[in-house]
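User: Please take a close look at one part of this model: the strand pairing. Walk along it in order, then look at what surrounds it.

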Amino acid sequence: MTFDPNSVCHACWVKCLSSGRVQSGYNWLHKFWDLNELAAAERHRWTEWIMTAAESSPLTTHVLNTGDGVPAARMALSLHRLDSSMMIWNMLSVGTTNGDGRCSGLISRAAFTPGMYKLRFETGSYWESLGQNCFYPYVEVVFNINDPEQRFHLPLLMSRFSYSTYRGS
Amino acid sequence: MSVNRLHQLKSHILSDNKITAMTGSPSPLTTHVLNTAMGVPGSNMAINLYQHDHSTNAWSLITTGTTNDDGRCPGLITKQQFTSGVYKMRFDTAQYWASMGETCFYPYVEIVFFINDPGQNYHIPLLLSRFSYSTYRGS
């Protein structure tokens, strides 16, 4: 992918490249503005915003519908962290899986502190939306984060009567 | 009398699973914990069974047990107690691995499931390693 001088300024282009998210960054930029009309200052501002939004969460998931052999799209899920002093769960984010069964932006690096977390998947609602029942009304995966510098990938492989999860990369 | 028979008698007398000892009929809900990392049953793991109480929107504890040498926990619930509803089985996984000197990514595993037809038998195994687990509805 070469540098198109009509797209963004060279500094922003280099920033996109170094983030490792060239493809999505470049597509996002083209999607968001007609580059001949926006002033350079606005282009810079949009690039900054997109780069922040595109910075990947240190915690990711991937939900797969193993019954049908497809990603589980449009499944609601939420991330919680245990407040160990009050022994209650605080909800950190809510999301829905995309067409590929993924959900970006679960948590920022800054918010990802050591502790006990819970990912809750609304499996019952998901199967209901497909006109089927499910043995599990929801699935909660509770896990310990001791070293938040690492990346944690927690997939959920599920069918109507089974599920599995693992710590991936 | 063989050593095995002595162990069996001991577990009858000293069992904390009073349900089996008194009624003698098998629980319609069973589990089986397998340590897939080491290829052995998950024995001596603490398990709790809860039923969801819709009126209070809380979980009520039905049984506390520990898996035996084969990773099973007989006597989880009686046929009389086993009504339609939402149940939860909690497995103390971190405690299990800690007893073997290892850590576990999952402090505990809770499996929440619907029982619509309590006339059937339900088998809820847990296949577990330090960094993964799976479950399914078996027979």
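Analyst: Two strands pair if DSSP finds at least two bridges between them. Strands (E, at least two residues) and helices (H or I, at least four) are DSSP runs, numbered from the N terminus.

Residues count from 1 along each chain as its sequence is written, and chains are lettered from A and ligands numbered from 1, as written. This is a predicted model: local features need pLDDT of at least 70, side-chain atom pairs need 80 or more, and totals for chains, interfaces and linings use all residues; side-chain values use heavy atoms, without hydrogens or water.

Take the whole sheet before its parts. It is open, has eight strands and mixes its pairing. Its order is β2(A)-β1(A)-β7(A)-β8(A)-β8(B)-β7(B)-β1(B)-β2(B). The edges are β2 of chain A, residues 70–71, and β2 of chain B, residues 40–41. Each of these edge strands pairs on one side only.

Start at the chain B edge. Strand β1 of chain B covers residues 29–35 and runs antiparallel to β2(B), with two bridges joining them. B:Asn35 in particular has B:Val40 in β2(B) as its bridge partner.

B:Leu34 also belongs to strand β1 of chain B. Its relative accessibility is 27%, so B:Leu34 counts as partly exposed (buried is under 20% relative accessible area, exposed over 50%, partly exposed in between; 1.4 Å probe, protein chains only). Now its contacts (heavy atoms within 4.5 Å). Setting aside neighbours within four places in sequence, B:Leu34 meets B:Val40, B:Pro41 and B:Gly42. It also meets B:Leu126, B:Leu127 and B:Leu128. For a longer reach along the chain, take B:Arg72, which is 38 residues from B:Leu34 in sequence. The C-alpha atoms of that pair lie 9.1 Å apart.

Next comes the place where the chains meet. β8(A) pairs with strand β8 of chain B, residues 132–136, in the antiparallel sense. Five bridges hold this pairing. Within it, A:Ser162 faces B:Tyr136 of β8(B).

What does the full interface add? In contact terms, 22 residues of chain B meet 22 residues of chain A. Together the chains bury about 1,900 Å² (accessible area lost by two parts on being put together, summed over both; 1.4 Å probe). Carbon and sulfur atoms account for 62% of that area. On the chain B side, B:Phe105, B:Phe114 and B:Tyr133 lose the most area to chain A. Those three make up 31% of what that side buries.

Cross into chain A. Strand β7 of chain A spans residues 152–159, and strand β8 of chain A spans residues 162–166. They run antiparallel and share four bridges. The two strands form a hairpin, with two residues between them. A:Leu156 stands opposite A:Thr165 of β8(A).

A:Leu156 leads to a residue outside the eight-strand order. A:Leu156 is one of the residues that A:Val139 touches, and A:Val139 sits in strand β6 of chain A, residues 139–145. A:Val139 counts as buried because its relative accessibility is 1%. Leaving out residues up to four places away, its other contacts are A:Leu119, A:Arg120, A:Phe121, A:Thr123 and A:Tyr163. A:Leu77 is 62 residues from A:Val139 along the chain. Their C-alpha atoms are nonetheless separated by 9.5 Å.

Now set these strands in their chain. Chain A has four helices and eight strands. Along the sequence the pattern reads α-α-α-β-β-β-β-β-α-β-β-β. Of its 169 residues, 43% count as buried. Take the chain A contacts between residues at least 6 apart in sequence: 58% of them join residues at least 24 apart.

Last, confidence. Chain A averages a pLDDT of 82, and 67% of its residues score at least 70 (pLDDT is the predictor's confidence in each residue, from 0 to 100). Residues 20–26 of chain A fall below 50. That stretch still makes twelve contacts in the model beyond near neighbours in sequence. Where pLDDT is low, the predicted coordinates should not be read in detail.
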